[in-house]
Amino acid sequence: MKEIYLIRHGETPGNEEKKYVGVTDEGLSDVGRSGLSLNNYPKADIIFSSPMKRCLETCALIYPKREVRVVEDLRETDFGEFEGKGFFELKDDPKYQEWLESGGTMPFPSGEGREEVRIRVMKAFNASLPFIKDGKTAAFIVHGGTIMTILSELFGGDFFDYQVGNGMGYSFVLSPDGTFSGLSSRSFAR
């Protein structure tokens with residue numbers, strides 16, 4: 001069996017302002033850094049990360065001096081025209097209203113669609129699994145959208161069922177027969 005942790009990066013300035021932060025490569029905020037230091041993260045034999053600065057900074061804080069395997073396609077969704085904007089900036093935008101009415105299933109204008117992201121993320125996640133040895137643990141330091149994509153694909157349910165706060169995540173196991181089980185949300189609080 002392989003134990004897997006999906007951990008969302010710490011809080012960024014854009015997260016604090018409730019903005020869509022996808023391709024913007026911002027680092028952690030002071031609040032984000034201090035919030036991570038309050039948690040007790042599990043030991044991991046192998047660490048995977050999105051290439052985004054916020055994820056790499058999170059890795060350095062919770063798994064200091066550890067080798068990190070950067071997986072390009074575990075990055076966050078490209079929010080296109082909504083990037084860097086929040087609800088109050090977008091609420092009167094007809095494109096945003098149309099996207100909301102679709103239940104978030106339409107592609108972001110000039111950005112990625114959920115199916116495009118699903119294919120990219122699941123290919124990257126599945127390609128990472130062989131690097132985890134049986135009986136070992138792996139931590140994936142990624143984004144909220146990446147976590148929602150992986151879990152809705154593996155465990156079913158609605159994409160938005162798996163929303164997770166900054167610095168929090170989920171754990172589950174991969175059995176030798178290739179089945180995933182034991183899904184549990186994790187706050188990692190001390």
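These are my notes on salt bridges and one surface patch in this structure.

**Entry 1, the model.** I am working from a predicted model.

**Entry 2, salt bridges overall.** I searched the whole structure for salt bridges and found eight. Side chains of opposite charge can pair when their charged atoms come close. I looked up three of the pairs, starting with Asp73 and Arg75.

**Entry 3, Arg75 and Asp73.** The two side chains form a salt bridge, at 2.7 Å from N to O. I checked how open each residue is. Arg75 is partly exposed at 23% relative accessible area, and Asp73 is partly exposed at 31%.

**Entry 4, Lys95 and Glu81.** I found a salt bridge between these side chains, 3.0 Å from N to O. Lys95 belongs to helix α5 (residues 94-101), while Glu81 sits in the loop between β3 (69-70) and α4, so the pair ties together parts 14 residues apart in sequence. Lys95 has a relative accessible area of 39% and is partly exposed. Glu81, at 30%, is also partly exposed.

**Entry 5, Arg118 and Glu115.** Here the closest N and O atoms of the salt bridge are 2.6 Å apart. Both residues lie in helix α6 (residues 114-128), with three residues, about one turn of the helix, from one to the other. I then followed the shared partners: salt bridges join Glu115, Arg118 and Glu153 into one network.

**Entry 6, a nonpolar patch.** Which residues form a nonpolar patch on the surface? I noted Phe87, Phe88 and Leu100, with about 340 Å² of accessible area together. Phe87 lies in helix α4 (residues 87-90) and is partly exposed, at 42% relative accessible area.

How values were computed: Residues are numbered from 1 along each chain as its sequence is written. This is a predicted model: local features need pLDDT of at least 70, side-chain atom pairs count only at pLDDT 80 or more; totals for chains, interfaces and linings use all residues. Side-chain values use heavy atoms; hydrogens and water are left out. Patches are made of residues with over 30% relative accessible area and no salt bridge: like charges are joined within 9 Å, nonpolar side chains (Val, Leu, Ile, Met, Phe, Trp, Tyr) within 5 Å. Accessible areas come from the Shrake-Rupley method with a 1.4 Å probe; for residues, only the protein chains shown count as cover. Helices (H or I, at least four residues) and strands (E, at least two) are DSSP runs, numbered from the N terminus. Buried means under 20% relative accessible area, exposed over 50%, partly exposed in between (1.4 Å probe, protein chains only).
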